[in-house]
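Biologist: I'm new to this one and would like a close look at a single part rather than a tour of everything. Could you pick a helix, walk me around it, and then show me what lies beyond it?

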Amino acid sequence: MNLSESPQFLLDHMLGRLAKYLRFLGYDALFTKEDDDLLISRALREGRILLTRDTGIVKRRAVKSGRVKSYYVHSDDVLKQLKEVANKFHLSKKEIPYCTICNIRLVKREREKIKDRVPSYVYKTQKLFGECPSCHRIYWRGTHWKNFFQSFLEEMESQKLVVTSKDNASYQQIEESK
Ligand SMILES: [Zn+2]
């Protein structure tokens, strides 16, 4: 993977919520309920990083050998999962998010053009709007960005997204014991 390129993810059936959060950050995060074989072949075919909570998958030859790029997500908590992945792959919030439902990048919309499609208080108070080209949901920064995981975003925006040394140690331990 070219470092300047944005990583694309493929998430297993246990990581549906994490997929939505990654989309909000602006990353292509495909979530499928396909079985292990299909997941692995899709990750290879599409050059996606496989994110999994399944210890069975990480033992598969293609994954273990590194042919399929993957990361075993340790936490059960979705915000911690997001931190793990953000740290591991140096993610930062992108300017334009993906639709959390369709996993398609939003298209910027002129404020005047969506006037009739959002509540008037939103129109009055928000400046940035995006529309999903597939489901045509309108997103705006005020609620969708902030309310969803406000504290996390604030942390990222203030560049404090660094795991504590204690967390760091436990990640290393887990990686070594694999
Ligand atoms: Zn959509």
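Modeller: Sure, let's take helix 2, starting with the side facing away from its buried residues: that face carries the exposed residues Asp37, Leu38, Arg45 and Glu46. Keep in mind that this is a predicted model.

Now turn to the other side. Helix 2 covers residues 36-46, and Leu39, Ile40 and Ala43 are its buried residues here. These three span an arc of only 95° around the axis, which puts them on the same side of helix 2. There's a simple rule behind that kind of pattern: an α-helix has 3.6 residues a turn, so residues three or four places apart point the same way.

What do the buried residues of helix 2 pack against? They pack against strand 1 (9-11), strand 3 (49-52), helix 3 (55-58) and helix 4 (61-64). Just after helix 2 comes Gly47, with a positive phi near 65°.

For a contrast, have a look at helix 1, residues 16-25. Here 8 of the 10 residues are buried, so helix 1 is largely enclosed by the rest of the structure. The buried ones are Leu18, Ala19, Lys20, Tyr21, Leu22, Arg23, Phe24 and Leu25. Helix 1, too, is followed by a glycine, Gly26, whose phi is positive, near 105°.

One partner of helix 1 is helix 5 (residues 78-88): the two pack at an angle of about 55°, with their axes 9 Å apart. They are therefore oblique to each other, and their crossing is right-handed. At the contact, Arg17, Leu18 and Tyr21 from helix 1 meet Val78, Gln81 and Leu82 from helix 5. Those contact residues divide into 4 nonpolar, 1 polar and 1 charged.

Helix 5 has buried residues of its own: Gln81, Leu82, Lys83, Glu84, Val85 and Ala86. After helix 5 you'll find His90, again with a positive phi, near 55°.

One last stop is Val73, in the loop between strand 4 (70-72) and helix 5. Why is Val73 called buried? Because it has 22 other C-beta atoms within 10 Å, and 20 or more is the cut-off for buried. Leaving aside residues up to four places away in sequence, Val73 touches Leu15, Leu51, Thr52, Arg53, Gln81, Glu84 and Val85. Among these, Gln81, Glu84 and Val85 are also buried residues of helix 5. Finally, Asp54 is 19 residues from Val73 along the chain, yet their C-alpha atoms are separated by 8.6 Å.

Methods
Residues numbered from 1 in each chain as written. Predicted model: local features only at pLDDT ≥ 70, side-chain atom pairs only at ≥ 80, totals over all residues. Buried ≥ 20, exposed ≤ 12 C-beta atoms within 10 Å, placed from the backbone. Helix = DSSP H or I, 4+ residues; strand = E, 2+ residues; numbered from the N terminus. Arc of directions from axis to C-beta. Contact = placed C-beta atoms within 7 Å. Axes fitted to C-alpha atoms, helices over the stretch in contact; angles between N-to-C directions. Parallel < 35°, antiparallel > 145°, perpendicular 65-115°, else oblique. Left-handed = near helix turned anticlockwise from the far one by under 90°. Nonpolar A, V, L, I, M, F, W, Y, C, P; charged D, E, K, R; others polar.
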